[in-house]
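I set out to record what can be read from the coordinates of one chain. The entries below follow the order in which I looked things up.

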Amino acid sequence: MKWTPQMSVGLPELDADHQQLIEIINSLERPAGNTEEGLRQALVALGRYVEFHFAREERVMAACGYRGLAEHQQEHRDFAEKIRSYAAAAGSAAAGPTTTNIELVNYLNEWLRHHILIVDMAYRPVVEGDQRAREVARDFRASEVWWSS
Ligand SMILES: [Fe+2]
């Protein structure tokens, strides 16, 4: 999958996150060493980036008083949970792969495409051109998610 301008949600920082996510998902098709362990590590990396991006996006929506925030957060939580379970499954040698990498990549890309075009796009009118949204997105640091607990 490729990011296209029609996927723009109106904030460069969030668009850059989406581009990065697409790149990470595409890389899952050929994980390091083409092994289960390589796939597991790639899924862990995807999970981390997803957490970072979701937190940043939620911070932006909150800053704008976006009304759909709670519902949107639930979609984020469900997806993050799914990635965690994929990573856990890839790690257990006994379970073995239940899905091919290509199917996995297709599923993740489809979820992301739908999420960006429908769910994210719904906040675009609220955040686009909003100075506060821009500042919150720019100032958000990975450390606020990864080392906060
Ligand atoms: Fe989102």
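Entry 1: a residue of the core. I began with L108 and noted that, leaving aside residues up to four places away in sequence, it touches I25, L28, L46, F79, I83 and Y86. The model is predicted, and I read every contact here with that in mind. I then looked up the largest nonpolar core, which has 40 residues. L108 is among the members that touch the most others, together with L28, L43, L46, V50 and V60. I listed the elements that give two or more residues to this core: α1 (12-27), α2, α3, α4 and α6 (131-139). The most comes from α2, which gives ten residues.

Entry 2: the chain as a whole. I counted seven helices and zero strands, so that the order along the sequence reads α-α-α-α-α-α-α. The chain has 149 residues, of which 42% are buried. I also checked the sequence range of the contacts: among those between residues at least 6 apart, 78% join residues at least 24 apart.

Entry 3: the pair α2 and α4. How do the axes of helix α2 and helix α4 cross? I found a crossing at roughly 5°, with the axes of α2 (residues 36-63) and α4 (residues 101-120) coming within 13 Å. Because the cut-off for this class is under 35 degrees, α2 is roughly parallel to α4. On the α2 side I recorded L39, L43, L46, F54 and E57; these meet N101, L104, L108, W111, H115 and D120 in α4. Sorted by class, this contact has seven nonpolar, two polar and two charged residues.

Entry 4: the iron ion. Which protein residues are donors of the iron ion? I listed E57 (OE), H72 (NE2), H76 (NE2), H115 (NE2) and D120 (OD), at 2.0 to 2.3 Å from the ion. Along the chain the donors follow the spacing E-x14-H-x3-H-x38-H-x4-D. H76 lies in helix α3 (residues 69-91) and H115 in helix α4, so this pair ties together parts that are 39 residues apart in sequence. Are H76 and H115 buried or exposed? I noted both H76 and H115 as buried. E57, H115 and D120 also appear in the contact of α2 with α4.

Entry 5: F54. I located F54 in helix α2. F54 counts as buried because its relative accessibility is 5%. Residues up to four places away in sequence aside, F54 touches H76, F79, A80 and W111; H76 is one of the donors of the iron ion. I also took the C-alpha separation of F54 and R77, which is 8.7 Å for residues 23 apart along the chain.

Entry 6: Y86. I found Y86 in helix α3. Its relative accessibility is 24%, so Y86 counts as partly exposed. With the same exclusion of sequence neighbours up to four places away, Y86 touches L43, L104, Y107 and L108. The C-alpha atoms of Y86 and L39 are 9.6 Å apart, and the two residues are 47 apart along the chain.

Entry 7: A62. I closed with A62, which is also in helix α2. A62 counts as partly exposed because its relative accessibility is 45%. From A62 to V136 the C-alpha distance is 9.7 Å, across 74 residues of sequence.

Note on methods: Residues numbered from 1 in each chain as written. Predicted model: local features only at pLDDT ≥ 70, side-chain atom pairs only at ≥ 80, totals over all residues. Heavy atoms only, no water. Axes fitted to C-alpha atoms, helices over the stretch in contact; angles between N-to-C directions. Helix = DSSP H or I, 4+ residues; strand = E, 2+ residues; numbered from the N terminus. Parallel < 35°, antiparallel > 145°, perpendicular 65-115°, else oblique. Contact = heavy atoms within 4.5 Å. Nonpolar A, V, L, I, M, F, W, Y, C, P; charged D, E, K, R; others polar. Donors = N, O, S within 2.8 Å, 3.2 Å for Na, K, Ca; no water. Buried < 20%, exposed > 50% of the residue type's maximum accessible area, 1.4 Å probe, protein only. Core = buried A, V, L, I, M, F, W, Y, C linked by side-chain atoms within 4.5 Å.
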